[in-house]
Amino acid sequence: MRVPNRNVLWTFLCCGLAVAMVSLDNLVVITALPAIRESLGGDIQQLEWTVNAYTLTYAVLMLPGAALGDRFGRRRMFVIGLGVFTAASAAAALAPDIGALIAARAVQGLGAAALMPLNLTLLTAVAPAARRGAVLGALSAVEGLAIATGPLLGGVMVEHLTWQWIFWINVPIGLLLLPLGRWKLAESRGSHARLDLTGTVLAGTGLFGIVFGLIQGPTDGWTSTGVLTALTGGTLVLAAFVVWELRTEMPMFPMRLFRHRTFSGMNAAGLLMFAGMFGSVFLLTQFFQGPRGYSPMEAGLRILPWTMVPVFVAPLVGFLSDRIGGRPIVALGLTFQACGLGWIAFRISPEVSYASLVPALVLCGLGMTFYFSPTANLVMSAVRAEDRGMASGSVNALRELGGVLGVAVLASVFTAHGDLTTPDRFTDGMVPALWLGSCIVAVGALAVLATPRHPHRRAAAGKDSGASAPEPEGAPA
């Protein structure tokens with residue numbers, strides 16, 4: 001087996017650790033909320049915003065972050081974003097009250113939005129063509145593992161240290177990565193000579209309205225004036241963004257990318273996968289801590305059959321994607337995930353034995369691994385090298401929006417059919433929510449199957465039509 005060159009290893013180390021930090025902070029706070037409330041006070045809505053403030057700025061600023069990297073240098077923006085994220089993590093750990101913690105979480109999201117969309121671009125540029133699927137698959141597996149282990153790590157730190165350590169842990173990692181990123185990452189830029197300020201403002205404003213509406217929907221009601229105004233206004237501004245991007249000579253995000261069925265289908269699948277997965281993990285964690293009475297750490301341990309599968313399976317899946325192509329693997333992964341969630345929904349009850357859920361959790365873990373490993377290579381191979389910064393930004397933004405959507409919608413289904421008062425009422429709400437999560441992921445599998453079986457065979461047609469032709473999987477950067 002050929003050993004990857006040092007540039008790939010250093011770039012993977014920098015990007016992998018950055019991805020792990022950013023992804024962990026999506027869910028690591030959930031298991032710490034009771035301890036945060038005891039320490040800093042705050043009502044239920046304020047505690048929700050300790051999670052949502054991060055998600056909001058992260059999702060809204062992802063595309064502008066990618067555009068800034070293309071304009072001013074991807075390595076430069078990666079290092080700046082890393083510095084902001086690290087400083088905000090320290091500020092969150094030192095927060096004297098709940099308001100300061102919410103503000104620090106929002107700044108964390110700002111830093112994450114600056115560095116996260118650049119990881120795939122930086123790694124794609126140095127990965128050998130024949131091994132790109134395996135390398136990007138390994139990075140995606142790191143992301144999936146970090147997301148899924150967030151509740152466990154949060155529970156361990158709360159029980160054995162203090163809640164502040166869920167933020168302090170980022171600081172030494174960030175301080176290590178700052179000089180490594182500056183010295184070891186290769187600088188690159190996109191093809192755009194100037195920044196599309198109008199497009200940046202429209203994209204940020206539109207996404208803010210939609211994400212804010214999704215976050216507030218379960219709390220204020222989906223038909224409330226504020227939520228409807230945010231969702232409607234955000235949608236209209238995003239429509240204006242699309243019109244602007246189609247007409248301007250230097251677009252922030254080239255809309256022609258969506259002409260490629262592979263690019264469009266994989267982005268749709270990512271949104272749906274994250275919606276089903278995030279919403280279900282959120283509810284399952286609460287089920288273990290509520291009706292089953294487990295501690296935060298015990299609840300996290302019981303999700304390990306789901307979260308540990310990528311450690312063992314991801315390298316094999318990345319290898320297979322380089323040999324047979326990523327499309328069937330991703331579709332199979334989404335199918336596994338949908339079946340696993342359906343299995344849990346079928347078996348869940350206040351008296352259910354944990355052993356009966358283990359096979360379903362393993363199936364969900366297989367699904368997550370099969371999805372994450374080939375997805376990055378499929379998307380990045382569907383666009384030109386100069387568009388990869390924007391492609392990476394779109395993938396991450398839509399995944400994050402999917403996570404927000406999943407938690408909001410599944411929580412609304414939960415509250416419509418059950419509540420937190422008794423174990424029976426909890427499962428009354430959880431069962432239909434998990435079935436909905438399963439169906440959402442299954443639609444994602446159909447979106448993948450709708451993409452071309454051999455995308456590189458469409459390249460010639462794309463060139464003839466004047467569109468950006470997709471590169472074959474594993475094409476040189």
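**Reading a predicted helical chain by its cut-offs**

Reader: What does helix 12 (residues 225-247) reach from its first C-alpha to its last, and what is expected at 1.5 Å a residue?

Author: Helix 12 has 23 residues and reaches 33 Å between its first and last C-alpha atoms, which is close to the 33 Å expected at 1.5 Å a residue. Please keep in mind throughout that this is a predicted model. Among the residues of helix 12, Val227, Ala230, Gly234, Phe241 and Glu245 are buried, and the partner against which the buried residues of this helix pack is helix 11 (197-220).

Reader: What makes up the secondary structure of the chain, and how many helices and strands does it have?

Author: The chain holds 21 helices and zero strands. Its 477 residues include 58% that count as buried, and of the contacts with a separation of 6 or more, 83% are between residues 24 or more positions apart.

Reader: Why is Gln108 called buried or exposed?

Author: Gln108, whose place is in helix 6 (residues 98-115), has a relative accessibility of 0%. Buried means under 20%, so Gln108 counts as buried. Its contacts, leaving aside neighbours within four places in sequence, are Asp25, Tyr54, Phe85, Ala88, Ser89, Phe167 and Asn170.

Reader: Why is Arg105 placed in its class, buried or exposed?

Author: Arg105 also has its place in helix 6, and with 1% relative accessibility, set against a cut-off of under 20%, Arg105 counts as buried. Not counting residues up to four places away in sequence, Arg105 touches Asp25, Val29, Thr50, Val51, Ala53, Tyr54, Thr57 and Phe167. One of these, Thr50, is 55 residues from Arg105 along the chain, yet the C-alpha atoms of the two are separated by 6.5 Å.

Reader: What makes the pair Asp428 and Arg425 a salt bridge?

Author: The side chains of Asp428 and Arg425 meet at 3.8 Å, N to O, and the cut-off for a salt bridge is within 4 Å, so the pair qualifies. A search of the whole structure finds one salt bridge. Both residues lie in helix 20 (residues 423-449), three residues apart, about one turn of the helix. In general, an α-helix has 3.6 residues a turn, so residues three or four places apart point the same way. Asp428 has a relative accessible area of 39% and is partly exposed, while Arg425, at 31%, also counts as partly exposed.

Reader: How do you know how many disulfides there are, and why are Cys339 and Cys364 not bonded?

Author: The closest cysteine sulfur to that of Cys339 is in Cys364, at 9.4 Å, which is too far for a bond. A disulfide needs sulfur atoms within 2.5 Å, so the 9.4 Å from Cys364 to its closest cysteine sulfur, in Cys339, rules out a bond for that residue too. The search of the whole structure finds zero disulfides. As for their surroundings, Cys339 counts as partly exposed at 43% relative accessibility, whereas Cys364 counts as buried at 0%.

Reader: Why is helix 4 (residues 62-72) said to be largely enclosed by the rest of the structure?

Author: Eight of the 11 residues of helix 4 are buried, so the helix is largely enclosed by the rest of the structure. Those buried residues are Met62, Leu63, Pro64, Gly65, Ala66, Ala67, Gly69 and Asp70. Just after helix 4, Gly73 takes a positive phi of about 115 degrees.

Reader: Which residues of the largest nonpolar core touch the most other members?

Author: The largest nonpolar core has 50 residues, and Trp306, Leu334 and Met430 are the ones that touch the most other members. Helix 13 (261-289), helix 17 (327-347), helix 18 (354-380), helix 19 (388-417) and helix 20 each supply at least two residues of this core, with helix 13 giving the most, 14 residues. Met430 touches Leu283, Leu284, Phe287, Ile348 and Phe414, again not counting residues up to four places away in sequence. A second, separate core of 32 residues includes Leu33, Met157, Trp163 and Val404.

Key: Residues are numbered from 1 along each chain as its sequence is written. This is a predicted model: local features need pLDDT of at least 70, side-chain atom pairs count only at pLDDT 80 or more; totals for chains, interfaces and linings use all residues. Side-chain values use heavy atoms; hydrogens and water are left out. Helices (H or I, at least four residues) and strands (E, at least two) are DSSP runs, numbered from the N terminus. Buried means under 20% relative accessible area, exposed over 50%, partly exposed in between (1.4 Å probe, protein chains only). Contact means heavy atoms within 4.5 Å. The expected span of a helix is 1.5 Å times one less than its number of residues. A nonpolar core is a set of buried Ala, Val, Leu, Ile, Met, Phe, Trp, Tyr and Cys residues joined through side-chain atoms within 4.5 Å.
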